[in-house]
Amino acid sequence: MADRPIPLFKERTPEEMTAGLVDLLTVETLDDGLYQGAPLPGGKGRVFGGQVVAQALQAARQTVDLGPAHSLHCYFMRPGEEGLSIIYQVTRDHDGRSFATRRVIASQRGVPILSMLLSFQAEEIGLEHQDTMPDVPAPEELVSETEYWKARVDKLPDWAMRHLLRPRPVEFRHVQPRSPFGGNPRPPRHASWFRTVAPLPDDPAMHQAVLAYASDMTLLGTASLPHGISFMTSGLQSASLDHALWFHQPVPADDWILYVTDSPWAGGARGLNRGQFYTRDGRLVASVAQEGLMRMRKKEPRETV
C-alpha cells in the first residue's frame, strides 16, 4: 500500500453503514399516496439516481397488497438536490387479481425530478428459462473497490481521493477494475460482484430496493469504455436519462450478486446500457436497461481546491 496519507472518514461499523442505507431507503408516510424520502446525510451536489429510484419503488410498495414489484420504468427529468427531502406522489392506476400498476412522481421544491411506472404481480408458477451466468472469478478472489484504490492512492489526485476511498454500505468487487479517469479503450462490457457490507432485515421489499439502488452503479459508465473516457473526464457531461428494471426472482441483496453489464450502442450524445444480476448459484434474479447522456463539451482546466 502506498505511503500517501488517506483521508480520514467518520468511523462506522458495517452494521451502522447498512442500517443507514435501510433508513435512507425507508420512506415516511405523509398522507394517503404521499411519501417523503430523507436526504443522504452529508450528501453534496446532486442526488444519486439509484437513491431516487429505490425510494420511489418503496413509496409505491406502500400502496400495494398484491405481491412484489416485477418491473419499473422511469425517466430522470432534473437532477435532484442533496440536502433536501424528496416528496413522492403515488397514483393507483389499476388493482387486479394478478397485477397492480402505479405511477410515481418524485419532486423537490414542488418541481418533478423523476417519473416512474411500476407493476406488481401476485406470485405464480410458469414456464422457465434464463441466460447462463458468465464464468468469472469468485468474489473471494477479488479485492474491494475501496481496497483497490487504497493500494493505488499515489495515483489519485486530491479531488478524487474522498470520492473513491469513502466507506460505502454497498461493497463492489470488480472482475476487471476500470479507472475513474478513463484510459485505454476497451470493449463495452463489465462485471462486478456486490453486496451490502452487513446483513439486511428480512424484508423482501428492502432487498428489492437495495438492488434498485445498486443498479445505477457501474451501468452508465459501460458505454464510455470503448471511448477511453469516464464520468471524471474533463468536458464530459453525463447523466442517467431513463432506467428500466425487471425483478425475476427474490433478491438476496446482502449476499454476493454478480452484476454483468454491456453497451450495444452509443450515438447522438447518448449511450445505451444493459445489465443482468445473478446470485452465486447462477440464478438470474433481475435485469436492467438504461440510456444515459454522453455529451462532450469543450475541455476546461479543472479547478484545484
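**Figure 1. The whole chain has the radius of gyration of a compact globule.** For 305 residues, the rule of thumb for a compact globule gives a radius of gyration near 19 Å, and the protein chain comes in at 19 Å, so the two agree. Bear in mind that this is a predicted model. The C-alpha trace spans about 60 × 45 × 45 Å along its principal axes. Five helices and 12 strands make up the secondary structure of the protein chain. If you count contacts between residues at least 6 apart in sequence, 73% of them join residues at least 24 apart.

**Figure 2. The surface and charges of the protein chain.** The accessible surface adds up to about 16,000 Å², and carbon and sulfur atoms account for 51% of it. There are 32 positive and 36 negative charges, and their mean positions sit 9 Å apart.

**Figure 3. Inside the largest nonpolar core.** Of the 305 residues, 46% count as buried. Nonpolar side chains in soluble globular proteins tend to be buried together. Here the largest nonpolar core takes in 53 residues, and those with the most contacts inside it are L25, L72, Y88, L114, M116, F247 and F277. Zoom in on M116: beyond its neighbours within four places in sequence, its contacts include V53, A56, L57, L72, H73 and C74. R102, R103 and V104 are also in contact with M116.

**Figure 4. A buried threonine in a loop.** T218 lies in the loop between α5 (204-214) and β9 (236-247). Its relative accessibility is 16%, under the 20% cut-off, so T218 counts as buried. What is T218 in contact with, leaving aside its neighbours within four places in sequence? The partners are F172, H174, R178, H190, S192, Y259 and T261.

Key. Residues numbered from 1 in each chain as written. Predicted model: local features only at pLDDT ≥ 70, side-chain atom pairs only at ≥ 80, totals over all residues. Heavy atoms only, no water. Helix = DSSP H or I, 4+ residues; strand = E, 2+ residues; numbered from the N terminus. Rg over C-alpha atoms; globule rule 2.2 N^0.38 Å. Buried < 20%, exposed > 50% of the residue type's maximum accessible area, 1.4 Å probe, protein only. Contact = heavy atoms within 4.5 Å. Areas by Shrake-Rupley, 256 points an atom, 1.4 Å probe, with all protein chains shown as cover. Lys, Arg positive; Asp, Glu negative; His and termini not counted. Charge placed at Lys NZ, Arg CZ, Asp CG, Glu CD. Core = buried A, V, L, I, M, F, W, Y, C linked by side-chain atoms within 4.5 Å.
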